[in-house]
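Work through the exercises below with the sequence and the structure open beside you. Each task is followed by a solution that goes step by step.

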Amino acid sequence: MDLVAGRECGECSACCVVLNVDTPEFQKLPGKPCAHLCAQGCAIHETRFPVCRAYHCGWRYLAGLPDDWRPDKSGVLVDFQSDDLPPHYPKRPGIRLTVFGPPENALKPGFLNYVARLVAADVPVILAVPGPPAFFPAGALLNDALTVTASVKHVGRARLVFDQSVVRGEERLASAELSLACVGAKSYRPVAVPEAIRKKLEGLR
Ligand code: SF4
Ligand code: SF4
């Protein structure tokens with residue numbers, strides 16, 4: 001996987017606080033600032049440990065995440081997880097979302113929409129909440145708990161509108177309207193929704 005071009009850590013140092021490290025040359029506990037972290041960032045940046053050099057969070061890899069999801073701004077650390085995932089969600093890696101900032105960040109529409117899209121695509125999604133400093137976060141797999149529903153609301157000439165909901169049992173946790181525009185592959189100008197797609201979607205209304 002490639003890093004997103006032009007996307008840098010900047011002033012962020014969330015991973016140097018949130019994550020645990022357990023390598024022969026360097027160990028650190030989760031939720032505690034690394035002993036080498038100072039106001040300007042990593043005090044040993046030029047000679048930092050191999051594990052630190054190699055690590056980048058999901059925000060550095062996933063172009064679909066907006067710029068303001070940088071962990072120090074969003075309070076959410078996006079990571080990849082391939083171990084300890086249930087076999088009935090075979091896609092790998094899963095996405096681990098550690099909400100270390102204000103908990104209400106997990107209720108923002110952008111966050112919920114992102115979770116909904118992952119769950120709808122059967123990507124394992126783990127929501128993790130940090131414990132006290134030095135304790136590991138508690139994580140829960142969201143896929144089994146949540147159901148994502150989608151329905152066709154409007155089929156226009158070049159625009160499609162869907163209603164999407166995230167439901168837990170009888171409770172609707174979030175809902176959103178999703179608009180899609182049909183544009184020409186070369187011109188990027190609006191074009192009519194292909195007839196076959198239009199008919200199929202109208203049959204679902
Ligand atoms: S959490 Fe991500 S953006 Fe922030 S310092 Fe670590 S790798 Fe960089
Ligand atoms: S050594 Fe530097 S890069 Fe590694 S965790 Fe500590 S502060 Fe971060």
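**Exercise 1.** Find the residues that Arg168 touches, leaving out residues up to four places away in sequence, and decide whether Arg168 is buried or exposed.

*Solution.* Begin with the contacts: in this predicted model, Arg168 touches Ala145, Leu146 and Leu173 once residues up to four places away in sequence are not counted. Next, take Leu146 from that list and look at the backbone, where the C-alpha atoms of Arg168 and Leu146 are separated by 4.9 Å, although the two residues are 22 residues apart along the chain. Then place Arg168 in the secondary structure, where it is found in strand β10, which covers residues 159-168. Finally, count the surroundings: Arg168 has 11 other C-beta atoms within 10 Å, and because a residue with 12 or fewer is classed as exposed, Arg168 is exposed.

**Exercise 2.** Describe the chain as a whole by its secondary structure, its extent, its buried share and its contacts.

*Solution.* Start by counting elements, which gives six helices and 11 strands. For the extent, follow the C-alpha trace along its principal axes, where it spans about 60 × 45 × 30 Å. Turning to burial, the chain has 205 residues, and buried residues make up 18% of them. Last, consider the contacts between residues at least 6 apart in sequence: of these, 47% join residues at least 24 apart.

**Exercise 3.** Identify which residues of the largest nonpolar core touch the most other members, and which elements each supply at least two residues of this core.

*Solution.* The largest nonpolar core has 26 residues, and those touching the most other members are Cys15, Val18, Val76, Leu77, Leu97, Val115 and Val125. Going on to the elements, at least two residues each are supplied by α1 (15-18), β5 (76-81), β6 (94-99), α5 (109-120) and β7 (125-129). Helix α5 gives the most to this core, with five residues. As a closer look at one member, Cys15 touches Tyr55, Cys57 and Leu77, when residues up to four places away in sequence are not counted. As background, nonpolar side chains tend to be buried together in soluble globular proteins.

**Exercise 4.** List the residues that surround each of the two ligands, and sort each shell by class.

*Solution.* Take ligand 1 as the starting point: it is surrounded by Cys9, Cys12, Ser13, Ala14, Cys15, His56, Cys57, Trp59, Arg60, Arg70, Pro71 and Leu77. Sorted by class, the shell around ligand 1 has eight nonpolar, two polar and two charged residues. Now move to ligand 2, whose surroundings are Cys16, Cys34, His36, Leu37, Cys42, Ile44, Arg48, Phe49 and Cys52. The shell around ligand 2 divides into seven nonpolar residues, one polar and one charged.

**Exercise 5.** Examine the backbone at Pro93, Asp122 and Ala134, and say where in the chain each of these residues lies.

*Solution.* At Pro93, look at the peptide bond that joins it to Arg92, which is cis, with omega about 0°; Pro93 is placed in the loop between β5 and β6. At Asp122, which is not a glycine, phi is positive, at about 65°, and the residue belongs to the loop between α5 and β7. Asp122 is exposed, because it has 12 other C-beta atoms within 10 Å and the class takes in residues with 12 or fewer. Ala134 likewise has a positive phi, near 85°, in a residue other than glycine, and it lies in the loop between β7 and β8 (138-141). With 11 other C-beta atoms within 10 Å, Ala134 is therefore exposed.

Conventions: Residues are numbered from 1 along each chain as its sequence is written. Chains are lettered from A and ligands numbered from 1 in the order in which they are written. This is a predicted model: local features need pLDDT of at least 70, side-chain atom pairs count only at pLDDT 80 or more; totals for chains, interfaces and linings use all residues. A residue is near a molecule or strand if its C-beta atom, placed from the backbone, lies within 6 Å of it. Ala, Val, Leu, Ile, Met, Phe, Trp, Tyr, Cys and Pro count as nonpolar, Asp, Glu, Lys and Arg as charged, and the others, Gly among them, as polar. Helices (H or I, at least four residues) and strands (E, at least two) are DSSP runs, numbered from the N terminus. Two residues are in contact if their C-beta atoms, placed from the backbone, lie within 7 Å. A nonpolar core is a set of buried Ala, Val, Leu, Ile, Met, Phe, Trp, Tyr and Cys residues joined through C-beta atoms within 7 Å. A residue is buried if 20 or more other C-beta atoms lie within 10 Å of its own, exposed if 12 or fewer, and partly exposed in between; C-beta atoms are placed from the backbone.
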